[in-house]
Amino acid sequence: EASHTVVIVGGGAGGIAVAASLRSRKPDLDIAIIEPADVHYYQPGWTMVGGGVFEPATTARTMASLIPDGVRWIKAAVAAFEPERKAVILEGCRVVTYDRLIVASGLTLNWGGIEGLGETLGRNGVTSNYRYDLAPYTWELVQGLRSGRAVFTQPPMPIKCAGAPQKALYLSADHWRREGRLGNIEIDFFNAGPVLFGVKEYVPALMEYVERYRAGLHFGHTLTRIDGSAKRAWFATKAGDGSPSTVEVPFDMIHVTPPQRAPDFVRASPLADANGWVEVDQASLRHTRFPDVYALGDACSAPNAKTAAAARKQAPVVAHNLLHDLGYVRAPHVAYDGYGSCPLTVERGKILLAEFGYGGALLPSFPSWFIDGTKPSRMAWFLKERMLPPIYWKAMLKGREWMAKPKAAA
Ligand code: FAD
């Protein structure tokens, strides 16, 4: 039975960032990361791959190259949590015990939740930027489509990067506009939710692009079934009288954002809240029932936008508070303000930089003369294309926190 002072579950954006943050504060801390994958992905780059801007390989690095020096990598998947005895159970029944646990397992993309999707993904014009191997297919389809109908879908919230479904739409439509094909391509956005974007300040600018691209908006429509070879999709919705109904939609290409949920081993564990996410206090990110457990990133219950940007701000909060609990840091607990960010790629070369925290409070990183997040901006595109990838690889994943200084708890 292995034992470590700190055990981190998951070596994604949150897991690597928090390991690096802990080591930068306490270089001799005994940490293990449990992570089965050989490759770590910079998922925010996949929208740019689907838009023909980034090469896929720039969004992938070996896990071995990212696990901070001195941190033990346990290459296995966690199967269960036993927080009463401070243990995690690995697949194959090995046990790892801890003083403090950090859950950063991310969420599960439920491709199987849509009938017929698995069989046709990557063929028949059916694609998704939510998978590394499929994002290049999006760009292939966009380049190839000369006329017909392009459909984009968004499942019920919460999802990671809530703006990504419409980012795919805008970048595709912008390509068709530049190529003079927009008149021959009908674009439709089917969204399970009731609004274009959850923070109202960003909606007017987005609506201008919806109109420019003449995209049809269909709220309250949830994708349930797809038949790739027949090029048809079915959506559940409500008829005028409120009774359930189904809409059949033909397509030439369809970009699917899959339904998303907490991983099964998290949902089934004592750590989960009623919705399956790891139940944390939204400011301290400490578990509400098991004080030696923390969580960050997509797997935690905090009601922020599930983004890598959120994990960037959460990692130092978890690191600080955990080291405080262990007695290594005297300064009191720090608080996470719910910061998340969604750079909405409204056209090639311009971004609407949505940055907001709990309750929809706008939390801009820059003065408005430099980047006004509610207006499309070239500077914000430059940030996304040139600055955010190095900030991710070289600052966030290395424990350099000049973009993520946490604030003292109230
Ligand atoms: P992940 O980075 O997904 O990592 C989870 C890790 O846990 C993985 O390495 C996985 O292998 C591991 N794991 C899973 N199961 C187990 C197990 N049983 N045992 C141990 N380890 C396990 N964010 C932004 O900030 N800006 C954007 O513009 C943006 N755009 C996006 C566009 C797309 C298409 C997608 C898909 C995501 C986008 N995101 C964006 C969201 C961002 O990528 C995630 O919010 C972020 O990666 C979450 O970090 P995480 O550590 O919680 O999860």
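Two exercises on a predicted model follow, each with a worked solution.

**Exercise 1.** Describe the surroundings of the ligand and state where the ligand lies relative to domain 1 and domain 2.

*Solution.*

Step 1. Start with the shell. There are 34 residues around the ligand, and those that come nearest are Gly14, Glu35, Val78, Asp298 and Ala309. By class, the shell holds 16 nonpolar, twelve polar and six charged residues.

Step 2. List polar contacts, using a cut-off of 3.5 Å between N or O atoms. The side chain of Gln43 has an N or O atom 3.0 Å from an oxygen atom of the ligand. For the side chain of Lys167, the distance from an N or O atom to a ligand oxygen is 3.0 Å. Ser105 takes part through a backbone N or O atom, 3.3 Å from an oxygen atom of the ligand.

Step 3. Check burial. The ligand taken alone exposes 1000 Å², of which the protein buries 90%.

Step 4. Find the contributing elements. Two or more shell residues come from each of α1 (13-25), α5 (164-178), α8 (308-325) and β21 (340-347).

Step 5. Place the ligand. Both domain 1 (2-107 + 262-408) and domain 2 (111-260) give residues to the shell, so the ligand lies between them.

**Exercise 2.** Work out the strand order of the five-stranded open sheet and identify its edge strands.

*Solution.*

Step 1. The order is β10-β17-β11-β12-β13, with parallel pairing.

Step 2. β10 (126-127) and β13 (215-219) each pair on one side only, and these are the edge strands.

Step 3. Examine one pair. β12 (residues 185-191) and β13 are joined in the parallel sense over five bridges. Phe190 stands opposite His218 of β13.

Conventions:
Residues numbered from 1 in each chain as written. Predicted model: local features only at pLDDT ≥ 70, side-chain atom pairs only at ≥ 80, totals over all residues. Heavy atoms only, no water. Near = heavy atom within 4 Å. Polar contact = N/O pair within 3.5 Å; in protein donor to acceptor, adjacent residues only side chain to side chain. Areas by Shrake-Rupley, 256 points an atom, 1.4 Å probe, with all protein chains shown as cover. Helix = DSSP H or I, 4+ residues; strand = E, 2+ residues; numbered from the N terminus. Nonpolar A, V, L, I, M, F, W, Y, C, P; charged D, E, K, R; others polar. Domains from an automatic or database assignment. Pairing = 2+ DSSP bridges.
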